[in-house]
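Morning, everyone. Please have the sequence and the model open in front of you. I'll go through strands, then pockets, then the ligand.

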Amino acid sequence: VGDAGNIAFVTLGCTKNEVDSDKMAALLEDAGYRIVDDPEDAHLVIVNTCSFLMSAVDEGLEVIFDLVNSRAELPEKAKILVAGCMPARYGDALSDELTEVEGFLPASEEDRVVEKVGELLGGKAPQEAPAGPAGNATRRSVGPSAYVKISDGCDRFCSYCTIPYIRGRYHSFSYDEICAEVDELVVSGAREIVLIGQDTGIWGQDLEPKSSTAQLVSGLAERFPTTWFRLMYLQPAGITDELLDVIAANDNICSYLDMPLQHCDPDILERMNRGGSADSYLELLERVRTRVPGIMTRTTLMAGFPGETEAQFSELLDFVDEARFDYAVVFPYSQEEGTAAAGFSGQIDEDVKLARAQQLLDACEAVGQSQIAELVGNEVTCLVEGFEQTDVGTEALCRWQGQAPEVDGQVHVPFQVDNAPSIGDIVLVRITDTFYYELEGELI
Ligand code: SF4
């Protein structure tokens, strides 16, 4: 492509989108396109969108219109391709509305990105594809930690959620596909693989022969013994004893469980189409902590679901105190067009939802921060992710197994120049202090 095939990505939304952008970039690079960081240097900008919530759609539209406005001032007008969840959710209605944009590529068709880009760039021939191992790469960027999608789609149809309509039915990627991707990332320097999907706990049940998440992670942990594996997004039904025993038995499977519970009131959980209760979830947590002592836990909760009474919200606050999650993310309920819950009676005023969400977050943080403070004195293995200059010297920015990337904070470790670690090293650290969710430690 030389001077006519520069592609920039703007990725919005969750880590699953980051993986999809990375894979599209690898396909394009393999076909001879050049990936550039700055949209101003690009002939085509791919905006990989999220449409899980209306607020994400609004953000996507804002980014697209900013690009449309800024390119008007450039000598060569870059084309814009809108990919991912917005075209998947809105289909032709989006192309009718966004006439300023040259192309659309729904999430389910992203493996056609090279063909689509070729159409938009008017047959400008790519430069020769890179020879050797860089050609045929399925992933592009590799740091010490990398995400791997083990499935896509979701069959749960929680009544408030748009994902099953956007991403389609649940489908597991095969063990061999996942293994090949992990292998490529490990060879390129990844020391931690974060396994993601909308519902990671039911991996393998749609494969022939059937398999399970426990079999997947134990197979990976054995095959890549010096790599950490971390599972995110385990719905409660997927947390089996078999899986917990595999986590407990393997030092390189992170003792960390991310289980989105959303609520604890049985009536609300029923109307969410999820099921469960405070008692069943507390029993689950006890089982988790008994089978994997010292495990760190994260959850997602929702405030202001339609019909949520003051009493039900108070019950949720009490549950947070009892459940003692280390980390939590809280969302106010969002009335999403096309979902069952959008038509439920008892929709709650926006200001009440926001106030409840803040109160719930404060309760979660009070519990979480007191749990984190108890880590002082522990000796933990940490992955070195980068460095930071402070007033008193240089610190290594690390994470221990109890912290997921990007969401749970880091361990800050000062070091002497003569024993400086490298990015990607696994080092032993004693925790000396905590600040909010950040930890301080010293190299042992
Ligand atoms: S489990 Fe529920 S909330 Fe999660 S993606 Fe599936 S339908 Fe949505």
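Two strands pair if DSSP finds at least two bridges between them. Helices (H or I, at least four residues) and strands (E, at least two) are DSSP runs, numbered from the N terminus. Now the ground rules. This is a predicted model, where local features need pLDDT of at least 70, side-chain atom pairs count only at pLDDT 80 or more, and totals for chains, interfaces and linings use all residues. Residues are numbered from 1 along each chain as its sequence is written, and side-chain values use heavy atoms, with hydrogens and water left out.

Start at strand S6, residues 145-149. Five bridges join S6 to strand S9, residues 192-196, and the two run parallel. One pair to look at: Val148 stands opposite Leu195 in S9.

Is S6 buried or exposed? First the cut-offs. Buried means under 20% relative accessible area, exposed over 50%, and partly exposed in between, with a 1.4 Å probe and protein chains only. Five of the five residues of S6 are buried, so the strand is largely enclosed by the rest of the structure. Ser145, Tyr147 and Lys149 point one way, and Ala146 and Val148 point the other.

Next, strand S3, residues 44-49. S3 is mostly covered, with six of its six residues buried. Leu44, Ile46 and Asn48 face one way, while Val45, Val47 and Thr49 face the other. S3 has a parallel partner in strand S1, residues 6-11, through five bridges. There, Val10 has Val47 as its bridge partner. S3 is also joined to strand S4, residues 79-84, by six bridges, again parallel. In that pairing, Val45 stands opposite Ile80.

Now the far end of the numbering. Strand S16, residues 411-414, and strand S18, residues 438-443, pair in the parallel sense over two bridges. Strand S17, residues 426-435, runs antiparallel to S18, with six bridges. Which residues stand opposite Glu440? His412 does, and Asp433 does too. S17 and S18 form a hairpin with two residues between the strands, and Tyr436 takes a positive phi near 60 degrees there.

On to the empty space. The search runs on a 1 Å grid over the protein atoms alone. A cavity is a set of points where a 1.4 Å probe fits but cannot get out. A pocket is an open set with protein on both sides within 12 Å along at least five of seven lines. Lining residues have an atom within 4 Å of a point. Grid points are joined across faces, edges and corners, and a volume is the space filled by probe spheres set on the points.

The largest pocket has a volume of about 1,200 Å³. It has 46 lining residues, and the closest to its centre are Cys14, Lys16, Phe52, Tyr233 and Phe331. Helix H1, residues 15-30, gives the largest share of that lining, four residues. For classes, Ala, Val, Leu, Ile, Met, Phe, Trp, Tyr, Cys and Pro count as nonpolar, Asp, Glu, Lys and Arg as charged, and the others, Gly among them, as polar. This lining divides into 27 nonpolar, 10 polar and nine charged.

The second largest pocket holds about 620 Å³. Its lining has 20 residues, and Asp20, Lys23, Asp111, Lys149 and Phe173 are the closest to its centre. The classes here are seven nonpolar, three polar and 10 charged.

How many cavities of 30 Å³ or more does the search find? One. Its volume is about 40 Å³. Among the residues lining the largest cavity are Leu301, Val320, Arg324 and Cys364. Strand S13 and helix H13, residues 350-373, each give two or more residues to that lining.

Stay with helix H13 for a moment. Leu360 is found there. Leu360 counts as buried because its relative accessibility is 0%.

Last, the ligand. The space it takes is the largest pocket; a molecule sits in a pocket if more than half of its atoms lie within 2 Å of its grid points. What surrounds the ligand? A residue is near if one of its heavy atoms lies within 4 Å. The residues around the ligand include Cys154, Arg156, Phe157, Gln198, Gln235 and Arg274. The shell divides into seven nonpolar, two polar and two charged.
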